[in-house]
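Subject: Handover of the protein–ligand model

Dear colleague,

I am passing on the model that follows, together with notes on what was found in it. Please read the notes with the coordinates open beside them.

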Amino acid sequence: MTIENKVVVITGASSGIGETTAKLLAEKGAKLVLAARRADKLQKIVDSIQSENGDATYIATDVTQIEDNQQLVEHAISTYGKIDVIFLNAGLMPNSPLSKLKSDEWNQMVDVNIKGVLNGIEAVLPKFISQKSGHVITTSSVAGLKAYPGGAVYGATKWAVRDLMEVLRMESAQEGNNIRTATIYPAAIETELTDRITDKDTAKGTEQMYDQYQISPYSIANIVAFAIDQPEDVNINEFTVGPTSQPW
Ligand code: NDP
């Protein structure tokens, strides 16, 4: 089955990569279930998809809460009767040097970027195992592949996602669950991600870097569509995607 009529759940769908992916997949005939905390934004995106004759619904979701993730999966099934793909994309990047001891932000990143992904997996896995099909896609980051100053905790969370996803792929194959996985490692993408950096020096350096290199979130949406569109017996497990001009 290709993208058309697949039921796709997206976390972090209220802006950036999640929003753009939702709109692209809706154009391609998928049925979208959008999740994030900002319900007003989700409502507008659903309205916009529906105005183009697309099919979408939303449910306000805090990915750090397991109950919210379970309600999200139940909402998809009660609305569309099934769930084919979950794109665990919600994330935060309030970078700073470790010496600034911004431990509240460290904890937020662990809660959203790691536990949010685990909660999504916990909520959806029983369904995918029982139906012997499903596709788990996550947004890690090039920070999950390469270390850089200022990105210790963010990188650690994205490194963790890489490991979780690789083991999910291996175990799903071993157990014969027929679950596909894809982990995406984006570099600089033009979204709201950098707006929440509170350390002034880090914010300035990041802004300069993004101003020079950033590319459209459609670059990632296209990859999600490509991964979903592969034949059911083909798993493309990893994608590293960034600006052609970014020299690292
Ligand atoms: P945005 O800031 O535009 O989007 C982040 C999304 O995450 C928002 O929809 C936000 O929604 C959601 N989110 C944050 N916290 C929670 C929460 N507790 N529960 C539910 N949703 C939450 O940035 P991007 O689109 O860039 O980020 C998407 C993913 O891409 C992230 O995982 C990020 O780490 C990753 N990434 C981005 C790169 C970039 O350069 N932009 C590079 C590499 C990876 P709301 O606030 O409404 O809850």
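To begin with the ligand, one of its oxygen atoms is 3.3 Å from an N or O atom in the side chain of Arg 196, a polar contact in the sense of a pair of N or O atoms within 3.5 Å (within protein, one must be able to donate a hydrogen and the other to accept it, and residues adjacent in sequence count only if both atoms are side-chain atoms). The protein covers 98% of the 880 Å² of accessible area that the ligand has on its own, where accessible areas come from the Shrake-Rupley method with a 1.4 Å probe and, for residues, only the protein chains shown count as cover. The elements that give two or more residues to the shell around the ligand are α1 (16-27) and α5 (152-174); helices (H or I, at least four residues) and strands (E, at least two) are DSSP runs, numbered from the N terminus.

Before going further, please note that this is a predicted model, in which local features need pLDDT of at least 70 and side-chain atom pairs count only at pLDDT 80 or more, while totals for chains, interfaces and linings use all residues. Residues are numbered from 1 along each chain as its sequence is written, and side-chain values use heavy atoms, with hydrogens and water left out.

Two backbone contacts also involve the ligand: a backbone N or O atom of Asn 89 lies 2.8 Å from a ligand oxygen atom, and a backbone N or O atom of Ile 189 lies 2.9 Å from a ligand oxygen atom. Around the ligand there are 31 residues, of which Ser 14, Arg 37, Tyr 154, Thr 191 and Tyr 210 come nearest; a residue is near a molecule if one of its heavy atoms lies within 4 Å of it. By class, this shell has 14 nonpolar, 11 polar and six charged residues, with Ala, Val, Leu, Ile, Met, Phe, Trp, Tyr, Cys and Pro counted as nonpolar, Asp, Glu, Lys and Arg as charged, and the others, Gly among them, as polar.

As for the fold, the protein has seven helices and seven strands, and from the N terminus on its elements run β-α-β-α-β-α-β-α-β-α-β-α-α-β. The radius of gyration, taken over C-alpha atoms, is 17 Å, close to the 18 Å that the globule rule (2.2 Å times the number of residues to the power 0.38) gives for 248 residues, so the protein is as compact as a globular protein of that length. Buried residues, meaning those under 20% relative accessible area (exposed is over 50%, partly exposed in between; 1.4 Å probe, protein chains only), make up 49% of the 248 residues.

Some loop residues deserve a look. Asn 177, in the loop between α5 and β6 (179-186), counts as buried at 4% relative accessibility, and, not counting residues up to four places away in sequence, Asn 177 touches Phe 128, Ile 129, Lys 132, Ser 133 and Ser 172, contact meaning heavy atoms within 4.5 Å. Asn 178, placed in the loop between α5 and β6, is partly exposed at 47% and has a positive phi near 60°. Leu 101, in the loop between β4 (85-88) and α4 (103-131), has a phi near 50° and is exposed, at 61%.

Kind regards
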